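Visitor: Please take a close look at the sheet in this model and what packs around it. I would like the strands, then the helices, then the loops.

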Amino acid sequence: MNNIQMLVGLANPGPEYANTRHNAGAWFIEELARRYNCLLKPDAKHHGLTGKVLINNQEFKLLIPTTYMNLSGKAVASLANFYKIPVESILVAHDEMDLEPGVAKLKKGGGHGGHNGLKDLIAKMANNKEFMRLRVGIGHPGHRDKVTGWVLGKAPQADQEKIDAAVDEAVRCMEILAKDGVLKAQNRLHSFKP
(Lines give C-alpha, C1' and ligand atoms only; values in the text may rest on other atoms or scores of the structure.)
Protein backbone atom coordinates (compact mmCIF):
# COMPACT_ATOMS: atom_id res chain seq x y z
CA MET A 1 0.00 0.00 0.00
CA ASN A 2 1.30 3.45 -0.83
CA ASN A 3 1.26 5.96 2.00
CA ILE A 4 3.05 8.80 0.21
CA GLN A 5 0.81 11.87 0.06
CA MET A 6 3.15 14.72 -0.71
CA LEU A 7 5.90 15.07 -3.32
CA VAL A 8 8.52 17.78 -2.91
CA GLY A 9 11.25 18.91 -5.31
CA LEU A 10 14.11 20.85 -3.78
CA ALA A 11 15.49 23.82 -5.72
CA ASN A 12 16.69 27.40 -5.62
CA PRO A 13 14.18 29.97 -6.92
CA GLY A 14 14.69 32.26 -9.90
CA PRO A 15 15.59 31.83 -13.57
CA GLU A 16 19.34 31.97 -12.93
CA TYR A 17 19.11 28.67 -11.01
CA ALA A 18 16.45 26.91 -13.10
CA ASN A 19 18.91 24.80 -15.12
CA THR A 20 21.52 24.20 -12.42
CA ARG A 21 22.21 20.72 -11.05
CA HIS A 22 20.97 21.69 -7.57
CA ASN A 23 17.47 22.01 -9.04
CA ALA A 24 17.23 18.38 -10.15
CA GLY A 25 14.54 17.74 -7.51
CA ALA A 26 12.34 20.49 -8.95
CA TRP A 27 12.74 19.02 -12.46
CA PHE A 28 11.06 15.88 -11.17
CA ILE A 29 8.05 17.82 -9.83
CA GLU A 30 7.84 19.94 -13.00
CA GLU A 31 7.87 16.84 -15.20
CA LEU A 32 5.25 15.17 -13.00
CA ALA A 33 3.04 18.27 -13.17
CA ARG A 34 3.47 18.38 -16.96
CA ARG A 35 2.65 14.69 -17.32
CA TYR A 36 -0.53 15.00 -15.25
CA ASN A 37 -1.62 18.43 -16.55
CA CYS A 38 -1.19 20.20 -13.24
CA LEU A 39 -0.44 23.90 -13.12
CA LEU A 40 1.96 24.69 -10.28
CA LYS A 41 0.88 27.96 -8.69
CA PRO A 42 2.81 30.33 -6.45
CA ASP A 43 1.50 29.89 -2.90
CA ALA A 44 2.79 32.62 -0.60
CA LYS A 45 1.28 31.00 2.47
CA HIS A 46 3.38 27.87 2.00
CA HIS A 47 6.47 29.57 0.52
CA GLY A 48 6.46 27.60 -2.70
CA LEU A 49 4.84 26.48 -5.94
CA THR A 50 2.06 24.05 -5.14
CA GLY A 51 -0.35 21.84 -6.99
CA LYS A 52 -1.90 18.41 -6.85
CA VAL A 53 -2.07 15.43 -9.17
CA LEU A 54 -4.18 12.31 -9.24
CA ILE A 55 -2.20 9.17 -9.99
CA ASN A 56 -4.11 5.92 -10.02
CA ASN A 57 -6.97 7.65 -8.13
CA GLN A 58 -4.64 8.81 -5.39
CA GLU A 59 -4.06 12.46 -4.68
CA PHE A 60 -0.53 13.73 -4.26
CA LYS A 61 0.23 17.28 -3.12
CA LEU A 62 3.13 18.80 -5.07
CA LEU A 63 5.55 21.39 -3.73
CA ILE A 64 8.63 23.18 -5.00
CA PRO A 65 9.84 25.49 -2.21
CA THR A 66 10.60 29.03 -3.41
CA THR A 67 12.67 29.83 -0.35
CA TYR A 68 16.36 29.34 -0.99
CA MET A 69 17.64 25.78 -0.75
CA ASN A 70 18.92 26.15 2.81
CA LEU A 71 15.43 27.20 3.97
CA SER A 72 13.51 24.44 2.16
CA GLY A 73 12.17 23.02 5.42
CA LYS A 74 10.07 26.12 6.02
CA ALA A 75 7.91 25.42 2.96
CA VAL A 76 7.73 21.65 3.50
CA ALA A 77 6.80 21.96 7.19
CA SER A 78 4.19 24.60 6.37
CA LEU A 79 2.38 22.52 3.75
CA ALA A 80 2.71 19.25 5.69
CA ASN A 81 1.34 20.81 8.88
CA PHE A 82 -1.51 22.46 6.98
CA TYR A 83 -2.65 19.15 5.47
CA LYS A 84 -1.63 17.10 8.54
CA ILE A 85 0.67 14.93 6.44
CA PRO A 86 3.09 12.89 8.56
CA VAL A 87 6.81 13.03 7.79
CA GLU A 88 6.76 9.37 6.70
CA SER A 89 4.25 10.24 3.96
CA ILE A 90 6.48 12.82 2.28
CA LEU A 91 8.75 12.07 -0.66
CA VAL A 92 11.52 14.60 -1.30
CA ALA A 93 13.33 14.70 -4.63
CA HIS A 94 16.83 16.19 -4.55
CA ASP A 95 20.13 16.24 -6.41
CA GLU A 96 22.61 13.59 -5.25
CA MET A 97 26.36 13.84 -5.88
CA ASP A 98 27.02 10.25 -4.78
CA LEU A 99 25.10 8.97 -7.80
CA GLU A 100 26.12 9.34 -11.44
CA PRO A 101 23.93 11.23 -13.93
CA GLY A 102 21.32 8.80 -15.28
CA VAL A 103 20.86 7.12 -11.91
CA ALA A 104 17.97 7.83 -9.55
CA LYS A 105 17.22 5.94 -6.35
CA LEU A 106 14.41 5.83 -3.83
CA LYS A 107 15.41 5.58 -0.20
CA LYS A 108 13.65 5.93 3.13
CA GLY A 109 15.24 7.94 5.93
CA GLY A 110 18.93 8.62 6.42
CA GLY A 111 21.04 11.68 7.08
CA HIS A 112 21.42 14.80 4.96
CA GLY A 113 24.87 14.00 3.54
CA GLY A 114 25.79 17.67 3.63
CA HIS A 115 22.82 18.66 1.45
CA ASN A 116 21.61 22.04 2.76
CA GLY A 117 18.04 21.50 1.63
CA LEU A 118 17.76 18.17 3.45
CA LYS A 119 19.57 19.59 6.47
CA ASP A 120 16.97 22.35 6.88
CA LEU A 121 14.10 19.98 6.18
CA ILE A 122 15.18 17.57 8.91
CA ALA A 123 15.63 20.47 11.35
CA LYS A 124 12.15 21.88 10.60
CA MET A 125 10.58 18.42 10.92
CA ALA A 126 11.70 18.09 14.55
CA ASN A 127 14.69 15.99 13.43
CA ASN A 128 12.46 13.30 11.96
CA LYS A 129 14.46 11.86 9.04
CA GLU A 130 11.94 9.20 8.05
CA PHE A 131 10.71 10.80 4.83
CA MET A 132 11.31 9.08 1.49
CA ARG A 133 13.98 10.52 -0.76
CA LEU A 134 14.21 10.42 -4.50
CA ARG A 135 17.92 10.90 -5.09
CA VAL A 136 18.63 12.20 -8.57
CA GLY A 137 22.26 11.59 -9.55
CA ILE A 138 24.29 14.58 -10.71
CA GLY A 139 27.78 13.10 -10.25
CA HIS A 140 30.62 14.56 -8.18
CA PRO A 141 33.19 17.18 -9.22
CA GLY A 142 35.94 15.08 -7.63
CA HIS A 143 36.96 17.56 -4.94
CA ARG A 144 34.92 19.07 -2.15
CA ASP A 145 36.27 22.57 -2.82
CA LYS A 146 34.49 22.40 -6.18
CA VAL A 147 31.11 21.30 -4.83
CA THR A 148 29.39 24.72 -4.68
CA GLY A 149 30.32 25.62 -8.25
CA TRP A 150 29.29 22.13 -9.36
CA VAL A 151 25.79 22.08 -7.87
CA LEU A 152 25.15 25.68 -8.93
CA GLY A 153 26.50 25.01 -12.42
CA LYS A 154 24.79 23.56 -15.46
CA ALA A 155 25.48 20.00 -16.50
CA PRO A 156 27.01 19.46 -19.95
CA GLN A 157 24.50 18.30 -22.57
CA ALA A 158 25.43 14.61 -22.36
CA ASP A 159 25.02 14.55 -18.57
CA GLN A 160 21.83 16.61 -18.74
CA GLU A 161 20.26 14.11 -21.13
CA LYS A 162 21.04 11.29 -18.70
CA ILE A 163 19.63 13.25 -15.75
CA ASP A 164 16.48 14.03 -17.76
CA ALA A 165 16.11 10.34 -18.64
CA ALA A 166 16.39 9.35 -14.97
CA VAL A 167 13.86 12.04 -13.98
CA ASP A 168 11.50 10.80 -16.69
CA GLU A 169 11.83 7.23 -15.40
CA ALA A 170 11.23 8.40 -11.81
CA VAL A 171 8.02 10.09 -12.95
CA ARG A 172 6.89 6.85 -14.61
CA CYS A 173 7.68 5.00 -11.40
CA MET A 174 5.18 7.16 -9.49
CA GLU A 175 2.43 5.31 -11.35
CA ILE A 176 3.84 2.06 -9.92
CA LEU A 177 4.27 3.59 -6.49
CA ALA A 178 0.63 4.68 -6.45
CA LYS A 179 -0.58 1.28 -7.62
CA ASP A 180 1.81 -1.25 -6.09
CA GLY A 181 3.76 0.59 -3.40
CA VAL A 182 7.27 1.85 -2.85
CA LEU A 183 9.13 -1.45 -3.14
CA LYS A 184 7.89 -2.20 -6.67
CA ALA A 185 8.63 1.37 -7.74
CA GLN A 186 12.09 1.08 -6.21
CA ASN A 187 12.84 -2.18 -8.03
CA ARG A 188 11.93 -0.68 -11.36
CA LEU A 189 13.76 2.60 -10.81
CA HIS A 190 16.92 0.95 -9.52
CA SER A 191 17.21 -1.26 -12.59
CA PHE A 192 16.97 1.72 -14.96
CA LYS A 193 19.89 2.33 -17.33
CA PRO A 194 19.83 5.52 -19.42
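Guide: What follows starts with the sheet and moves outward to the helices and two loop residues.

The model is predicted, so to speak of local features a pLDDT of at least 70 is needed, side-chain atom pairs count only at pLDDT 80 or more, and totals for chains, interfaces and linings use all residues. Residues are numbered from 1 along each chain as its sequence is written, and side-chain values use heavy atoms, with hydrogens and water left out.

The sheet is open and has seven strands in the order S2-S3-S4-S1-S5-S7-S6, with mixed pairing. Strands (E, at least two residues) and helices (H or I, at least four) are DSSP runs, numbered from the N terminus. The edges are taken by strand S2 (41-43) and strand S6 (104-108); each has a single partner strand, so one side of each is left without a neighbour in the sheet. From one strand to the next, the twist averages 30°. Angles run from 0 to 180 degrees between N-to-C directions, and axes are lines fitted to C-alpha atoms, for helices over the stretch in contact.

Two strands count as paired if DSSP finds at least two bridges between them. Strand S1 (residues 6-9) runs parallel to S5 and is joined to it by four bridges. S1 also runs parallel to S4, with three bridges between them. Met6 shows both pairings: its bridge partner in S5 is Ile90, and its bridge partner in S4 is Lys61. S5 in turn pairs with strand S7 (residues 132-137) in the parallel sense, over six bridges. In that pairing His94 stands opposite Arg135 in S7. Strand S5 (residues 90-96) is mostly covered, with seven of its seven residues buried. Buried means under 20% relative accessible area, exposed over 50%, and partly exposed in between (1.4 Å probe, protein chains only).

Helix H1 lies across S1, S3, S4, S5 and S7, and runs at about 140° to S4. Helix H2 also packs on the sheet: H2 touches S1, S3, S4 and S5, and its direction makes about 150° with that of S4. Contact here means heavy atoms within 4.5 Å.

Each of these helices also packs against another helix. Two packed helices are described by the angle between their axes and the distance between the axes. For helix H1 (residues 24-35) and helix H5 (residues 157-180), the angle is about 55° and the axes are 9 Å apart. H1 and H5 are therefore oblique to each other; angles under 35 degrees count as roughly parallel, over 145 as roughly antiparallel, 65 to 115 as roughly perpendicular, and the rest as oblique. The crossing of H1 and H5 is right-handed, which is the case if the near helix is turned clockwise from the far one by less than a right angle, and left-handed if anticlockwise. On the H1 side the contact includes Ala24, Trp27, Phe28 and Arg35, and on the H5 side it includes Gln160, Ile163, Asp164 and Val167. By class, the contact of H1 with H5 has nine nonpolar, one polar and five charged residues. Ala, Val, Leu, Ile, Met, Phe, Trp, Tyr, Cys and Pro count as nonpolar, Asp, Glu, Lys and Arg as charged, and the others, Gly among them, as polar.

Trp27 belongs to helix H1 and is buried, with a relative accessible area of 10%. Leaving aside neighbours within four places in sequence, Trp27 is in contact with Ala18, Asn19, Thr20, Arg21, Gln160, Ile163, Asp164 and Val167. Ala11 and Trp27 are 16 residues apart in sequence, and their C-alpha atoms are 8.7 Å apart in space.

Helix H2 (residues 72-82) packs with helix H3 (residues 116-124) at an angle of about 45°, with the axes 7 Å apart. H2 and H3 are therefore oblique to each other, and H2 passes H3 in a right-handed crossing. Ser72, Gly73, Lys74, Val76 and Ala77 in H2 meet Gly117, Asp120, Leu121 and Lys124 in H3. That contact of H2 with H3 has three nonpolar, three polar and three charged residues.

Two loop residues remain. Asn57 sits in the loop between strand S3 (48-55) and strand S4 (58-65). Although Asn57 is not a glycine, it has a positive phi of about 65°. Asn57 counts as exposed, at 75% relative accessibility. Asn127 lies in the loop between H3 and S7, and has a positive phi of about 60° although it is not a glycine. At 54% relative accessibility, Asn127 counts as exposed.
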